[in-house]
Amino acid sequence: MKIHVVIGKNFGDEGKGLTVDYFSLLAKKKNKKCLVIRHNGGAQAGHTVDFPDKRFIFHQLSSGSFRGADTLWSETYLPDLYKLGEEINDFCTLSGKTPTIFADIKCRCVYIDDILINMALETARGDNRHGSCGMGINEAVVRSATNEFLLSLGTIKGMNAHDLFCTLKRIRKNYVPLRLKELGLDIKSCGQYGELLTDNNVLENTAEQMCRNTENIKLFSPDFLNHYEEIIFEGAQGLLLDEFYLLYEPHLTSSRTGAYNPDHFCHKYMPAETVELVYVTRTYVTRHGCGPLPYADLFDHSKYHITDKTNITNDWQGSLRFAVHGTQDEFFSAVKNDISGLQSKFTLSLMLTHLDETNGKLLTCNREIPIGTFTENICKEGLFDKLYLSQSKYANEILYKIL
């Protein structure tokens with residue numbers, strides 16, 4: 001069995017969708033059954049997969065879906081069952097395929113009130129926004145920690161729409177006012193979000209859609225991992241947004257964005273396997289959302305005109321921002337921090353994307369480094385075993401080097 005763990009090295013938007021599509025393509029060429037595991041975050045992810053005649057942005061389905069890879073939501077994933085149906089329909093329309101989704105019964109589910117509270121809070125912060133996507137992830141995490149108001153996927157899958165509506169109504173009555181008070185908010189101060197938080201029709205529609213969409217999900221059993229020859233962990237966001245990487249707090253995400261979740265999963269279910277950790281980065285750095293972005297002032301906008309069709313300007317995260325990489329020590333520091341204390345056996349790889357946008361050079365605070373020189377430098381560093389290079393949007397054009 002081969003196991004790849006795809007991790008964004010920076011603030012997200014590095015090319016994780018492309019990377020997962022690449023490893024899924026390799027599995028398909030070898031006629032190997034492939035499983036992609038979503039293990040952190042939820043529907044806020046936007047992983048793009050491009051083909052010459054189509055493109056798709058994956059949120060909750062795996063980015064290996066075009067290659068026939070199945071999707072698994074591990075227990076640390078936070079699905080939005082309401083939104084799932086639209087993504088499945090869009091994918092089926094474009095691909096003609098029906099995706100297979102498995103999920104752990106312990107998945108904590110996001111629901112509409114999490115999203116509304118998230119939006120109200122971020123709006124109330126005004127100029128001090130944290131950069132949230134407004135998708136309710138942190139609110140679901142906080143609510144789930146109460147246990148009394150936890151919405152696990154296993155529980156929801158056993159309910160009909162009426163029972164789920166009653167459960168959501170109970171949470172709204174007994175939990176939401178307390179949470180709003182804790183945040184310094186109240187229904188009236190929440191404006192349009194407050195109005196929706198008192199509308200039972202919203203909950204009825206939510207419950208109906210959530211129950212309908214659970215029909216697309218099969219429950220996970222550890223035994224079925226033996227049916228797969230290739231397993232790919234698809235991370236969301238990037239290392240610098242990890243909830244415990246405190247350098248950039250409070251502008252972080254409420255999840256583990258690096259190797260932590262995959263390591264625990266592999267140690268539990270596949271302890272004998274060696275894992276390839278693949279850290280993905282553009283030749284430059286991006287950040288979509290509030291918070292510090294070191295070396296943004298050194299990015300030459302007049303020289304590099306970059307168009308990103310996925311990360312469009314929006315009310316929650318603003319515009320996609322650009323920067324250059326830091327020093328060599330800074331380039332490797334987050335990776336070194338991420339691999340400390342892992343339980344699984346692993347090898348390290350680096351995926352360098354968007355080479356076509358910077359004329360085959362890595363942009364750093366000191367200089368622009370040609371890819372040949374960069375390869376020599378990381379060989380001397382001795383941290384990585386493989387280097388993958390992407391000079392286009394397409395997985396079938398990726399090259400790799402043994403270091």
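Which helix contributes the largest share of the lining of the second largest pocket? This tour of a predicted model begins there.

**The pocket.** Select helix α11, residues 328–339: with four residues, this helix supplies the largest share of the lining of the second largest pocket. The pocket has a volume of about 260 Å³. Its lining comprises 18 residues, and those closest to the centre are Leu240, Tyr248, Pro294, Gly326 and Glu330; display these five as sticks. By character, the lining divides into twelve nonpolar, four polar and two charged residues.

**The strands.** Next, select strand β15, residues 386–389, together with strand β12, residues 345–353. These two strands run parallel and are joined by four bridges. To locate one of the pairings, select Ser349, whose bridge partner in β15 is Lys386.

Keep β15 in view and add strand β16, residues 399–402. Here the two strands run antiparallel, again with four bridges between them. Label Leu387 and Lys401 of β16, which stand opposite each other. Strand β15 is thus bridged to β12 and also to β16.

**The helix.** Finally, select helix α10, residues 260–269, and colour its buried residues: Asn261, Pro262, Asp263, Phe265 and Cys266. An α-helix has 3.6 residues a turn, so residues three or four places apart point the same way. To see what surrounds the buried residues of α10, show the strands against which they pack: β1 (2–8), β2 (34–38), β5 (70–73), β8 (230–234) and β9 (274–282).

Definitions and conventions: Residues are numbered from 1 along each chain as its sequence is written. This is a predicted model: local features need pLDDT of at least 70, side-chain atom pairs count only at pLDDT 80 or more; totals for chains, interfaces and linings use all residues. Side-chain values use heavy atoms; hydrogens and water are left out. Two strands pair if DSSP finds at least two bridges between them. Buried means under 20% relative accessible area, exposed over 50%, partly exposed in between (1.4 Å probe, protein chains only). Contact means heavy atoms within 4.5 Å. On a 1 Å grid over the protein atoms alone, a cavity is a set of points where a 1.4 Å probe fits but cannot get out, and a pocket is an open set with protein on both sides within 12 Å along at least five of seven lines; lining residues have an atom within 4 Å of a point. Grid points are joined across faces, edges and corners, and a volume is the space filled by probe spheres set on the points. Ala, Val, Leu, Ile, Met, Phe, Trp, Tyr, Cys and Pro count as nonpolar, Asp, Glu, Lys and Arg as charged, and the others, Gly among them, as polar.
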